[in-house]
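Reader: I would like a close look at one part of this protein, the metal site, and then at what lies around it in the rest of the fold. Please keep to what the coordinates show.

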Amino acid sequence: MLPGKIVCVGRNYREHAKELGNDVPKEPLIFLKPPSSVIRSGESIVLPSVSSRVEFEGEIGIVIGKTLRKASERDAARAIGGIVAVNDVTARDLQKSDGQWTRAKGFDSFCPLGEPGDAPSELQRLTVITRVDGVEKQRASASEMVFSIPALLAYISNVMTLEPGDLVATGTPAGVAPLAPGQTVEVEIAGISRVSNGVKADR
Ligand code: ZN
């Protein structure tokens, strides 16, 4: 089943904000990806011809289990239905030139999504790893996030109601890099979920 909405968080790891020349935001920076961008493990990421720089972003995804509206961090933590590997694929050049992110983040195939697994009792121990052709490119723990997972969910729920099945992508750590046709990119949430996708050019 597709998520009703996909809420993403930008610049939630200090080192990643720095590598793109940005400061860490004072409040969570949120944006949306369309559900039509979702693909599953084994399907291809298609590089649109209008972009010359499409990058992977491995992220810890949260599947919402219970409706959250103006929730506290405590209630938000209890509403997590599962943990899922997400790749927030991004056309970096269009993200810069457009000034807002809908196109850069919204192409079909730009949201590879694994199968959800159970949330651990200690969310801070979640680890995300990204590999390109088997070579590790990103590795970070949720403990390195600027805003914690419960804080993000509570913050978002004060803007928009989060419903069961909605997905929250919690931001990518340092190490993002461009993808090329023929590569395979894998995002893993250690011991919980993974998604692996080939990359091909649009034609
Ligand atoms: Zn992202």
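Author: The account below begins at the zinc ion and then moves to the salt bridges, a helix, the aromatic pairs and a sheet. The model is a predicted one.

The zinc ion has three named protein donors: an OE atom of Glu57, an OE atom of Glu59 and an OD atom of Asp88. They lie 1.9 to 2.1 Å from the metal. Along the chain, the donors are spaced as E-x1-E-x28-D. Glu57 has a relative accessibility of 4%, so this donor counts as buried. Glu59 is also buried, at a relative accessible area of 0%.

Glu57 has a further role in the list of contacts, since this residue also forms a salt bridge with Arg92. The closest N and O atoms of that pair are 2.9 Å apart. Glu57 sits in the loop between strand S5 (54-55) and strand S6 (58-64), while Arg92 belongs to helix H3 (residues 92-98), so the pair ties together parts that are 35 residues apart in sequence. Both Glu57 and Arg92 are buried. Salt bridges with shared partners connect Lys33, Arg53, Glu55, Glu57, Asp88, Arg92 and Lys105 into one network. Two zinc donors, Glu57 and Asp88, are therefore members of that network as well, a salt bridge being counted when a side-chain nitrogen of Lys or Arg is within 4 Å of a carboxyl oxygen of Asp or Glu.

The count for the structure comes to 16 salt bridges. One of them joins Lys18 to Glu15, with 3.6 Å between the closest N and O atoms. These two residues are 3 apart in helix H1 (residues 14-19), so about one helical turn separates them. Lys18 is exposed, at 56% relative accessibility, and Glu15 is partly exposed, at 48%. Another salt bridge links Arg139 and Glu136, whose closest N and O atoms are 3.0 Å apart. Glu136 is partly exposed, with a relative accessible area of 40%.

Next comes a helix. Helix H5 (residues 149-157) is mostly covered, with 8 of its 9 residues buried. Those buried residues are Ile149, Pro150, Ala151, Leu152, Leu153, Ala154, Ile156 and Ser157. They pack against strand S1 (6-10), strand S2 (29-33), S6, helix H2 (73-78), strand S7 (80-87) and strand S12 (167-169).

The whole structure holds 2 aromatic pairs. In one, the ring centres of Phe31 and Trp101 are 5.0 Å apart and the planes stand at 65°, so the pair is edge-to-face. Phe31 is in strand S2 and Trp101 in the loop between H3 and helix H4 (102-106), so that this pair links distant parts of the chain, 70 residues apart. Both Phe31 and Trp101 are buried. Phe107 and Phe110 make a tilted pair, with 5.2 Å from centre to centre and 55° between the planes. Phe107 and Phe110 are buried too.

The last part is a sheet. An open sheet is formed by 5 strands in the order S4-S14-S13-S10-S11, with mixed pairing. S4 and strand S11 (135-141) are at the edges and have a single partner strand each, so one side of each lacks a neighbour in the sheet. On average, neighbouring strands here are turned by 20° against each other, direction ignored.

The pairing can be followed from the S4 edge. Strand S4 (residues 45-47) runs parallel to strand S14 (residues 193-201), and 3 bridges join them. Ile45 has Val199 as its bridge partner in S14, and Leu47 has Ala201. On to the next strand, S14 and strand S13 (residues 184-189) are antiparallel and joined by 6 bridges. Glu188 stands opposite Arg194 in S14. S13 and S14 form a hairpin with 3 residues between them. In its turn, Gly191 has a positive phi of about 75°.

Technical notes:
Residues are numbered from 1 along each chain as its sequence is written. This is a predicted model: local features need pLDDT of at least 70, side-chain atom pairs count only at pLDDT 80 or more; totals for chains, interfaces and linings use all residues. Side-chain values use heavy atoms; hydrogens and water are left out. Donors are N, O and S atoms within 2.8 Å of the metal (3.2 Å for Na, K and Ca); water is not among the atoms, so sites may look incomplete. Buried means under 20% relative accessible area, exposed over 50%, partly exposed in between (1.4 Å probe, protein chains only). Two strands pair if DSSP finds at least two bridges between them. Helices (H or I, at least four residues) and strands (E, at least two) are DSSP runs, numbered from the N terminus. Contact means heavy atoms within 4.5 Å. Rings of Phe, Tyr and Trp (its six-membered ring) pair if their centres lie within 6.5 Å; planes under 30 degrees apart count as stacked, over 60 as edge-to-face and the rest as tilted. Axes are lines fitted to C-alpha atoms, for helices over the stretch in contact, and angles run from 0 to 180 degrees between N-to-C directions.
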